[in-house]
Structures are given as structure tokens and as C-alpha cells.
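The following exercises concern the ligand site, the sheet and the domains of one protein model. Each task is followed by a stepwise solution.

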Amino acid sequence: MKPGYHEIYSRYRDNIARGVLKPGDRVPAIRVLAAQLKVARKTVETAYAILVGEGYLVSAGARGTRVNPDLLLPAESGPEAQATGTLPESLITQRERAGFLRPGVPSLDAFPYKKWLLLAGQATRAMRHEEMLNPPVMGWYPLRQAIARYLNISRGLSCTAEQVLITSGYSGSLRLILDTLASRSDKVVFEDPGYFMGQQLLKRTVPRLHTVPVDRSGLDTDYLLRHHRDARFAIVTPSHQSPLAVTLSLPRKQQLLDWAGQNASWIIEDDYDGEFHYTRKVLPSLKSLDQHDRVIFMGTFSKTIMPSLRIGYVVMPASTVDAFTDCAEIVASGQPILTQKILTAFLNEGHFFRHLKKMRALYQTRRDWMIAALREVYGDRFFTEQNDGGMHIVAFLTRGSADREVARCWQQHQLQVNALSEWYRGSGRRYGLVMGYNNVRTYQEAVELLERPKQQTLEIMG
Ligand SMILES: Cc1ncc(COP(=O)(O)O)c(C=O)c1O
């Protein structure tokens with residue numbers, strides 16, 4: 001069978017890692033290798049682009065492509081080399097140090113770096129004088145337009161560019177929403193269990209913070225109506241609850257929207273990974289069902305592009321745009337123009353759609369590997385619940401409640417999972433490991449990673 005781009009990529013990576021190919025070695029031209037392997041040029045080009053993006057290869061234009069001469073592989077890092085203390089780390093060490101299975105990190109090996117670099121070059125060369133001044137606090141207008149178009153077409157929202165506000169991501173969005181619309185006496189409700197970073201942020205900034213339990217149908221809206229009908233804000237993750245990964249049922253969505261409409265409350269919809277659904281079509285967002293304009297929608301490019309981009313956005317209800325603008329003029333300073341320009345081109349030229357489509361297929365495969373590997377290594381010690389998508393799974397403990405000890409043990413093996421019970425505030429605690437699977441590159445790798453802490457895990461679980 002002809003190799004795909006991923007196989008070509010893996011072959012190079014493995015041969016470089018094993019020292020068969022050495023730093024500085026030339027690799028065949030795309031055309032030559034494509035002819036040799038009888039594959040399309042595009043296939044080789046994609047594999048090379050990923051290898052260049054990850055730093056395994058460097059391209060020197062007409063002088064061809066080489067194994068990165070600065071690449072330091074473990075076998076070469078002798079004592080004298082280490083003594084200098086300034087050496088670049090090998091990629092293998094880098095991956096090891098960053099840790100594996102960290103929830104919420106997209107597949108960094110599959111990002112179209114080459115395209116991104118091209119657009120980055122174009123955007124840099126096209127910087128105009130006025131773009132070198134302070135960026136507009138509400139965001140670069142063409143990006144606001146591009147996001148509005150994307151949300152209208154793909155997420156069923158109906159919003160204008162004027163309603164889109166560019167931020168630095170979750171905390172930037174949430175702080176600006178609360179700065180604009182909340183007073184210190186407002187009651188705010190959050191999900192239990194809920195996004196760990198969100199809890200930490202809100203605990204610092206909101207005096208009247210309460211939680212509402214989450215079950216298999218998402219936020220318990222009956223509980224909300226019974227205990228916190230007077231809340232002014234509800235912060236929710238309806239597409240895939242964070243961390244349980246369940247979807248808010250349609251009747252509950254309606255109940256939540258009715259509550260907000262009747263009480264003039266605000267729902268903050270944190271749509272952090274709503275793009276990733278595998279078993280059915282993308283579900284309508286809460287915002288798309290919002291007849292009374294009570295939903296403030298928050299999105300991010302951290303999951304669809306990369307977390308270090310630091311670009312997120314808020315879709316402001318039409319009635320609040322002026323208030324947001326006034327507040328942003330005082331408390332915000334805008335995001336870097338260059339990044340916004342590159343991202344705009346990435347969206348407008350169709351690369352974003354193509355990338356999402358590829359990632360949906362890849363994530364489904366990697367998730368299936370992870371679930372199968374869990375079963376192979378741990379039998380019935382863990383179980384997972386069927387859900388529709390997202391970027392992480394929860395491996396529930398079949399018995400016992402030692403998820404914190406297990407998570408600590410896995411972390412010592414560079415497996416950066418979280419203990420589910422730590423994300424709870426109230427009762428009804430469940431026990432498990434919240435784990436990402438997007439950067440597991442083969443089924444075998446998933447098995448090998450899970451084998452690392454096996455002995456100790458079985459001892460802890462008893
Ligand atoms: C529940 C939730 N919301 C939002 C985000 C996005 O945060 P940011 O845009 O700051 O990267 C994350 C990222 O992990 C998340 O898990």
C-alpha cells in the first residue's frame with residue numbers, strides 16, 4: 001500500500017530519533033521522493049511541512065531540505081555538551097517534558113505549519129503604518145468579520161461583526177464580561193464539577209459565587225430554578241461540559257433560556273471545543289436558540305489552532321455592544337495586530353475549515369485508540385461513558401475514590417492527567433482521570449504511555 005503523509009512523517013521522525021539520519025543530512029527533494037514512493041507530491045509536501053514545523057527538518061530554499069543541524073538527540077548529549085548548559089533540547093525530550101495526555105491541547109503534529117508560516121510572512125510584509133500603532137481594543141475589524149461569518153455559517157449563530165469582540169482567551173473574555181455587566185452584589189452560578197481554571201478565577205473576582213450540579217444531561221436546571229432563580233449570571237459549557245464532557249439536553253437548554261429571559265439574567269456560553277463532534281452533526285449552540293438575546297457566547301482558537309495563539313472572542317448581545325465598548329476602552333488594550341492578521345487570512349482562505357475537518361477525523365481515531373488502549377492495559381479498572389466529542393475523555397474509576405493518588409502517580413510518569421474529584425465543590429463527587437488524547441500518535445504509543453504507571457496504579461487501586 002502507498003504510504004500516507006503520516007507514515008512518511010513517522011518514518012523520518014523515527015529515523016532521525018534513532019540517529020539513522022543525522023543533523024545536517026540532506027533529505028530528497030519532494031518531487032524525487034514522491035516519484036520514488038509513487039505518491040502525490042502533496043503527500044510528501046505535507047509530511048515535510050509537519051517535520052519542518054516540529055523542527056526535525058529545516059528548509060533552505062533552493063539548497064534543499066536538511067535534518068535540522070541544531071537538533072540535539074539524546075545519544076549525542078554527552079557530558080561536555082551538557083556542561084555548556086545552553087544546548088537546544090531534543091524534540092523527544094521536549095515532548096517528554098511538556099508531558100503527555102494533557103487535556104485540551106490540540107494535535108500539534110497535524111497543524112498546517114507551512115501554510116501558517118506563509119501567511120505569517122505575507123502579513124508581516126504587508127504591515128501598514130497605522131497597524132503599527134495601538135491595536136483597536138475591540139479587535140481588528142477584518143478578523144471580527146471573518147469570525148462572524150464563520151459563526152453564522154458553521155455554528156448557527158446570527159451575529160454581526162460589530163457584536164464580535166477579540167480577547168486573549170478565557171480569562172480575558174470572562175473578566176471583560178463581568179467588568180462590563182456585573183456589579184459586586186450579583187449572584188453568579190458555575191457548574192459543579194466545573195472548569196478548574198474558571199473556578200480559580202471566579203473565586204478571586206466574584207463575591208457571590210454558587211454552584212449548580214451537573215449530571216448526565218448537563219447542568220441541573222431544576223436545581224438552578226429551585227435554589228438560584230435570582231442569579232444574574234450562569235456560566236455554562238453546554239456543548240461538552242467541562243470536565244464531564246456531556247451535552248446539555250435540549251429541554252434543559254430551553255429551560256435555561258426561559259429562565260434568563262424571564263429574569264433578565266445572562267447566560268455565558270463557554271463554547272471552548274464545540275467544533276469537535278464525532279458521532280452526529282455539530283449541535284446547535286445555546287446562542288443559536290436564544291430568542292431573547294440573553295446569551296453571551298465565548299469562543300477560543302486555543303483548541304482549533306493552538307493555545308499559545310492567545311486569541312479568543314466574545315459575541316456580545318446587541319443591546320450590550322455600547323457598554324462593552326465603553327468598558328473595553330478603559331480596561332482592555334487590544335490583541336497583537338500581526339497575530340490577528342495571520343488568523344484572518346487563515347480563516348478567509350479556507351484553511352481553518354479544512355483543518356477542522358481533518359481534525360474531526362483525526363480526533364475520533366485518536367480517541368478510539370485511547371479508549372481501546374485503556375481497556376487493553378487496565379481491563380475493567382476504568383470505564384468511559386459514551387459522549388459525542390470534545391477533546392478529552394474521563395476515565396472513571398470502577399471502584400474506590402483514589403483518583404488524586406492515581407493522578408499524582410501518572411504525573412510522575414509525565415502523564416499530565418487531572419483528578420476529576422478535584423474539579424468538584426459540593427457533594428455528588430465522582431472519581432476518575434480527565435485526560436487528553438489528541439497528541440497520542442499511534443495506538444501503540446497510547447498503550448506504551450498507559451503501561452508506564454500500571455504497576456503503581458494497580459497497587460493504589462487495590
Ligand atoms: C472549559 C474551558 N473553557 C475555555 C478554555 C479556553 O481557554 P483559553 O481560550 O484561555 O485558552 C478552556 C481551555 O482549556 C477550557 O477547558
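**Exercise 1.** Which pocket is the space taken by the ligand?

*Solution.* The model is predicted, so local features need pLDDT of at least 70 and side-chain atom pairs pLDDT 80 or more, while totals for chains, interfaces and linings use all residues. Residues are numbered from 1 along each chain, and side-chain values use heavy atoms, without hydrogens and water.

Step 1. The ligand takes the space of the largest pocket (on a 1 Å grid over the protein atoms alone, an open set of points where a 1.4 Å probe fits, with protein on both sides within 12 Å along at least five of seven lines; a molecule sits there if more than half of its atoms lie within 2 Å of the grid points).

Step 2. Among the residues around the ligand (a heavy atom within 4 Å) are Tyr-170, Tyr-195, Asp-270, Ser-302, Lys-303 and Arg-310.

**Exercise 2.** Identify the ligand atom that a polar side-chain atom of Asp-270 approaches, and state the buried share of the ligand.

*Solution.* Step 1. For Asp-270, the partner is a ligand nitrogen atom at 2.6 Å.

Step 2. The protein buries 86% of the 400 Å² that the ligand exposes when taken alone (Shrake-Rupley method, 1.4 Å probe).

**Exercise 3.** Determine the strand order of the open three-stranded sheet.

*Solution.* Step 1. The order is E1-E3-E2, with antiparallel pairing (at least two DSSP bridges per pair; strands are DSSP E runs of at least two residues).

Step 2. Strands E1 (26-27) and E2 (57-59) form the edges, each pairing on one side only.

Note on methods:
Helices (H or I, at least four residues) and strands (E, at least two) are DSSP runs, numbered from the N terminus. A polar contact is a pair of N or O atoms within 3.5 Å; within protein, one must be able to donate a hydrogen and the other to accept it, and residues adjacent in sequence count only if both atoms are side-chain atoms. On a 1 Å grid over the protein atoms alone, a cavity is a set of points where a 1.4 Å probe fits but cannot get out, and a pocket is an open set with protein on both sides within 12 Å along at least five of seven lines; lining residues have an atom within 4 Å of a point.
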